[in-house]
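The exercises that follow ask you to read a protein model step by step. Please keep the sequence and the 3D view side by side as you work through each solution.

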Amino acid sequence: MQTVTLQIEDSVYENFFWLLKHFSKNEIKILEQSKYLNDDEYLRSIKGMVNSIQKARVEAIENGVTLDKLEW
């Protein structure tokens, strides 16, 4: 089975889901359904993120960590 992520224009949203409902649940499953948020909207939706970014802006560059030092 394949997984596809789509961004659907509001004007065709209802028609698109009408089409999906014509397949059986064994053929197509809606795994997630959400409204698209641009990066700014997404970051602002996370509690405390705006405050964290504002605090980081005034932090001295010397306190930063280079990518090679991050433990991912």
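For the first exercise, Lys and Arg count as positive and Asp and Glu as negative, whereas His and the chain ends are not counted. The model used throughout is a predicted one.

**Exercise 1. Charges**

Find how far apart the mean positions of the positive and negative charges of the protein chain lie.

Solution. Begin with the counts under the convention above, which give 9 positive and 12 negative charges in the protein chain. Then take the mean position of each set, and the two means turn out to be 7 Å apart.

**Exercise 2. Fold and overall form**

Determine which elements make up the protein chain, and compare its radius of gyration with that of a compact globule of 72 residues.

Solution. Start with the secondary structure: the protein chain contains three helices and zero strands, so that reading from the N terminus gives the order α-α-α. Next, turn to the radius of gyration, which is 20 Å for the protein chain, whereas a compact globule of 72 residues would have a value near 11 Å. Along the principal axes, the C-alpha atoms fill a box of roughly 60 × 30 × 15 Å. Finally, consider exposure: 3% of the 72 residues count as buried, and the accessible surface comes to about 7,700 Å², with 53% of that area belonging to carbon and sulfur atoms.

**Exercise 3. Aromatic rings**

Work out how many aromatic pairs the structure holds, and explain how each is classified from the angle between its planes.

Solution. The structure holds two aromatic pairs. In the pair of Tyr 13 and Phe 17, the ring centres are 4.7 Å apart and the planes stand at 45°, so this pair is tilted. Both residues belong to helix α1 (residues 10–20), and because they are four residues apart there, about one helical turn separates them. As for exposure, Tyr 13 is partly exposed, with a relative accessible area of 28%, while Phe 17, at 13%, is buried, since buried means under 20%.

The rings of Phe 16 and Phe 17 have centres 5.9 Å apart and planes at 80°, which makes the pair edge-to-face, because plane angles over 60 degrees count as such. Phe 16 is partly exposed, with a relative accessible area of 25%. As a last step, join the pairs: Tyr 13, Phe 16 and Phe 17 form one aromatic cluster.

Notes:
Residues numbered from 1 in each chain as written. Predicted model: local features only at pLDDT ≥ 70, side-chain atom pairs only at ≥ 80, totals over all residues. Heavy atoms only, no water. Helix = DSSP H or I, 4+ residues; strand = E, 2+ residues; numbered from the N terminus. Rg over C-alpha atoms; globule rule 2.2 N^0.38 Å. Buried < 20%, exposed > 50% of the residue type's maximum accessible area, 1.4 Å probe, protein only. Areas by Shrake-Rupley, 256 points an atom, 1.4 Å probe, with all protein chains shown as cover. Charge placed at Lys NZ, Arg CZ, Asp CG, Glu CD. Phe/Tyr/Trp six-rings, centres within 6.5 Å; stacked < 30°, edge-to-face > 60°.
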